[in-house]
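Hi,

Here's the structure I said I'd pass along. Have a look at it first, and then read my notes underneath.

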Amino acid sequence: RIIEASGDQIREAHKPMMTLTMSEEVWQGTVRDAYAAGAGVPRIDVAILKLTVTVQSRMLNTGDDGDNAVRTIRVDSTDTLGRLKGQLETLYGGGDVLPADRMALYLDDAELLGDDSLVSEHGVAEGSALRVEPATVTLRVGNGCVQDGPESATTTLTDVKPGDLAAALLQRVPETSVKHCLLFGSTDITSNPQLLVMNVRGMRDGAHLSVQLAKMHINVETPMHGDDAAAVIRLGLEPSKDTLEELKKLLEEKTGEAAENQSLYFLERELIDAADDATTMTVADHGITANSTITM
């Protein structure tokens with residue numbers, strides 16, 4: 001069968017686990033053809049196929065050059081996922097950073113499962129781009145909206161998986177609602193309902209997050225201010241906290257127009273606080289909602 005088989009047939013039968021070369025060239029035709037054309041029995045070299053793949057992590061990425069790098073590694077097509085994870089454990093600084101038994105591998109956003117299976121069985125091929133992330137992380141969430149003290153305002157979230165929705169984490173924090181958002185650094189990770197934990201840069205084990213009142217965005221037209229008659233300012237507000245006075249202060253910072261010299265209109269009526277409610281009425285009390293347009 002070897003005599004009659006072509007190199008392409010044998011490679012296909014064992015694809016992608018071996019390479020076959022003859023006289024340092026990829027084997028073409030059959031052994032019989034090569035023998036007839038040459039002097040003596042041809043030499044056929046068989047080798048396990050080595051794959052060059054790239055690997056990167058987003059959750060381990062702190063922004064440092066080393067963490068941010070796309071790394072290139074060589075993998076045997078006959079390696080198991082478990083052996084590949086061991087290789088990656090060393091690549092990422094040892095078991096203290098990301099041990100192999102707490103590692104999740106992804107190809108095209110699909111997790112590769114079964115540490116005893118071969119990498120070739122999962123479609124890993126030359127040039128594949130792999131993602132390596134912690135299988136689970138534990139996060140600490142501080143709720144600055146709770147007034148009972150720092151201890152009761154801290155929640156520990158365990159068993160957070162890379163495929164979890166970031167917005168769903170807020171539901172696991174006590175005393176929160178749709179009025180709140182979850183911040184990682186200065187980024188609101190709950191603003192995009194489809195964002196996965198695995199796509200939040202730097203979301204390592206032990207990362208700290210915080211709960212704040214959610215901001216809504218509104219548009220402010222300023223037709224009588226400045227040279228640009230079509231100017232529209234985009235502002236972020238905390239609807240159940242920010243007052244009309246605070247909105248005017250934000251506009252003063254943006255436009256230079258003194259707060260006391262501003263008149264604001266919404267749905268063709270001027271926004272005016274009642275004298276006794278001036279410090280307590282919020283923009284939500286005035287009926288302003290997300291993406292509302294106000295005129296100054």
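Below is what I found, starting with a sheet and moving on to two residues.

One thing to keep in mind: this is a predicted model.

**The sheet.** There's an open sheet of five strands with mixed pairing, in the order β5-β4-β8-β6-β7. At its edges sit β5 (71-76) and β7 (110-111), each of which pairs on one side only. Strand β6 (residues 103-107) runs antiparallel to β7, and two bridges join them. If you want to find that pairing on screen, look for Tyr106, whose bridge partner in β7 is Glu111. Helix α4 (residues 81-91) lies across β4 (50-56), β5, β6 and β8 (129-134), and runs at about 150 degrees to β5.

**Leu209.** This one belongs to strand β13 (residues 208-213). Its relative accessibility is 6%, so Leu209 counts as buried, the cut-off being under 20%. Leaving aside neighbours within four places in sequence, Leu209 is in contact with a set of residues including Leu139, Val141, Leu182, Phe184, Ile189 and Met203. Gly185 is 24 residues away from Leu209 along the chain, yet their C-alpha atoms are separated by 7.0 Å.

**Thr255.** You'll find Thr255 in helix α5 (residues 244-255). Thr255 also counts as buried, because its relative accessibility is 17% and the cut-off is under 20%. What does the side chain of Thr255 reach at 2.7 Å? That's the backbone oxygen of Leu251. The Thr255 side chain also reaches the backbone nitrogen of Glu257, at 3.1 Å.

Cheers

How values were computed: Residues are numbered from 1 along each chain as its sequence is written. This is a predicted model: local features need pLDDT of at least 70, side-chain atom pairs count only at pLDDT 80 or more; totals for chains, interfaces and linings use all residues. Side-chain values use heavy atoms; hydrogens and water are left out. Two strands pair if DSSP finds at least two bridges between them. Helices (H or I, at least four residues) and strands (E, at least two) are DSSP runs, numbered from the N terminus. Contact means heavy atoms within 4.5 Å. Axes are lines fitted to C-alpha atoms, for helices over the stretch in contact, and angles run from 0 to 180 degrees between N-to-C directions. Buried means under 20% relative accessible area, exposed over 50%, partly exposed in between (1.4 Å probe, protein chains only). A polar contact is a pair of N or O atoms within 3.5 Å; within protein, one must be able to donate a hydrogen and the other to accept it, and residues adjacent in sequence count only if both atoms are side-chain atoms.
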